[in-house]
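Let's take a friendly walk through a protein model. Keep the sequence and the 3D view open as you read.

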Amino acid sequence: MKPILLLSAVSLLCYSCSENVADMLVERKADAEKKFKQFYACYAIAKETPPLQMDQINWEMDDATIAYEESNVYQISMENFKDLSKPLNIPYDGTRRKEHADIAKLFNIDLSSYRQNHSYKVNERYKFHKPESEFVLPAIKHFLNTKYLIINRTHNVTEPKQIDNKTFSSGYINGDALIFDVEKGKLLGGITFTVQSDEFIKLMSKDSDVGANLRADIELNIRNQIQHKFANLTPSIKDSSFSL
């Protein structure tokens with residue numbers, strides 16, 4: 001029994017080391033750099049892929065998982081790729097993913113060679129997470145564990161507009177989400193989405209930013225539609241009650 005107990009103790013020690021953020025940022029930096037390269041290889045394909053006309057994902061393995069820390073599915077919008085080192089204010093992103101900027105900063109990875117001209121403003125209110133933050137370990141695991149990448153693209157956009165204190169004109173967005181096998185750099189297919197503003201929006205107070213609420217409303221609709229279709233086309237996911 002003693003050798004078994006000793007091996008168990010060693011295993012626990014190694015597991016503890018692997019859970020240490022400071023060590024992980026050193027030991028897994030090469031893996032993080034490789035993952036960014038894989039992301040950009042998929043992005044290059046996405047730029048050359050015409051708008052999708054149908055919903056179809058040709059899964060080669062039934063292993064897409066979405067439990068947060070263990071998730072191997074990562075979602076990001078097309079426009080974010082123009083500057084992955086900074087959290088950009090991109091309208092109709094359809095995803096809340098901003099931790100790619102945290103990852104680059106945490107691992108001290110220089111992505112300047114990938115940067116492209118863009119008109120988006122940096123989100124000055126965004127606060128980068130520090131290594132001791134409870135957010136960091138699961139975010140690093142999620143990023144490094146990425147096997148499937150979802151890239152959101154918008155093709156046609158009609159901005160919603162406030163008309164007066166009680167009415168607004170609906171916004172309309174047409175786009176798609178491409179699904180990639182990251183390690184192979186292979187496009188597996190994707191899903192289309194068409195959304196518009198809800199008929200009514202709820203404001204928290206009379207001083208609420210109506211424009212921001214209208215944009216948030218459409219972004220939520222984009223995210224919900226992508227999640228629903230993704231779940232329906234992914235055998236390993238039982239329902240759409242998850243967050244990409």
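What follows covers charged pairs, one well-connected arginine, the nonpolar cores and the aromatic rings. Keep in mind that this is a predicted model.

**Charged pairs**

How many salt bridges does a search of the whole structure find? The count is eight. Here are three of them, with the N to O distance for each.

| Salt bridge | Distance, N to O |
|---|---|
| Asp-31 and Arg-28 | 2.5 Å |
| Lys-147 and Asp-63 | 2.8 Å |
| Arg-153 and Asp-176 | 2.8 Å |

Let's take the Lys-147 and Asp-63 salt bridge, at 2.8 Å. Lys-147 sits in the loop between helix 5 (136-144) and strand 5 (148-158), while Asp-63 sits in the loop between strand 1 (56-57) and strand 2 (73-77), so this pair ties together parts that are 84 residues apart in sequence. Are these two buried or partly exposed? Lys-147 has a relative accessibility of 22%, so it counts as partly exposed. Asp-63 is partly exposed too, with a relative accessible area of 21%.

Now for the salt bridge between Asp-31 and Arg-28. Asp-31 is partly exposed at 34% relative accessibility, and Arg-28 is partly exposed with a relative accessible area of 31%.

The third row of the table pairs Arg-153 with Asp-176. This one links distant parts of the chain: Arg-153 belongs to strand 5 and Asp-176 to strand 8 (residues 172-181), 23 residues apart. Both partners are buried. Elsewhere, Glu-60, Lys-184 and Lys-186 are joined into one network by salt bridges that share partners.

**A closer look at Arg-153**

Why does Arg-153 count as buried? Its relative accessible area is 5%, and buried means under 20%, so Arg-153 falls in the buried class.

Who are its neighbours? Leaving out residues up to four places away in sequence, Arg-153 touches Ala-46, Thr-49, Pro-50, Pro-51, Leu-52, Met-78, Gly-175, Asp-176, Leu-178 and Phe-193. Two residues on that list also offer backbone oxygens. The side chain of Arg-153 reaches the backbone oxygen of Ala-46 at 2.8 Å, and a polar atom of that side chain lies 2.6 Å from the backbone oxygen of Thr-49. Add the salt bridge to Asp-176, and you can see what this buried side chain is paired with. For one more distance, the C-alpha atoms of Arg-153 and Asn-174 are separated by 8.8 Å, and these residues are 21 apart along the chain.

**The nonpolar cores**

Here's a bit of background: in soluble globular proteins, nonpolar side chains tend to be buried together. In this model, the largest nonpolar core has 31 residues. Phe-36, Phe-81, Phe-107, Ile-140, Phe-143, Leu-149 and Ile-151 have the most contacts inside it. At least two residues of this core come from each of helix 2 (21-27), helix 3 (29-48), strand 2, helix 4 (99-106), helix 5, strand 5 and strand 8. Which of these gives the largest share? That would be helix 3, with seven residues. Apart from this core lies another, of 20 residues, including Ile-57, Trp-59, Ile-173 and Ile-218.

Helix 5 deserves a stop of its own. Nine of its nine residues are buried, so helix 5 is largely enclosed by the rest of the structure. Among those buried residues are Ile-140, Lys-141, His-142 and Phe-143.

**Aromatic rings**

The model has 11 aromatic pairs. One of them is Tyr-40 with Phe-81, an edge-to-face pair at 5.4 Å centre to centre, with 80° between the planes. Tyr-40 lies in helix 3 and Phe-81 in the loop between strand 2 and strand 3 (88-89), so the pair ties together parts that are 41 residues apart in sequence. Tyr-40 and Phe-81 are both buried.

Trp-59 and Phe-230 also form an edge-to-face pair, at 5.9 Å centre to centre and 80° between the planes. Trp-59 is in the loop between strand 1 and strand 2, and Phe-230 is in helix 6 (residues 210-232), 171 residues apart. Trp-59 is buried with a relative accessible area of 17%, and Phe-230 is buried at 0%.

Two last things to find in your viewer. Phe-36, Phe-39, Tyr-74 and Phe-143 form one aromatic cluster, and Lys-105 lies over the face of Phe-128, at 4.9 Å from the ring centre.

Conventions. Residues numbered from 1 in each chain as written. Predicted model: local features only at pLDDT ≥ 70, side-chain atom pairs only at ≥ 80, totals over all residues. Heavy atoms only, no water. Salt bridge = Lys/Arg side-chain N within 4 Å of Asp/Glu carboxyl O. Buried < 20%, exposed > 50% of the residue type's maximum accessible area, 1.4 Å probe, protein only. Helix = DSSP H or I, 4+ residues; strand = E, 2+ residues; numbered from the N terminus. Contact = heavy atoms within 4.5 Å. Polar contact = N/O pair within 3.5 Å; in protein donor to acceptor, adjacent residues only side chain to side chain. Core = buried A, V, L, I, M, F, W, Y, C linked by side-chain atoms within 4.5 Å. Phe/Tyr/Trp six-rings, centres within 6.5 Å; stacked < 30°, edge-to-face > 60°. Lys NZ or Arg CZ within 6 Å of the ring centre and 35° of its normal.
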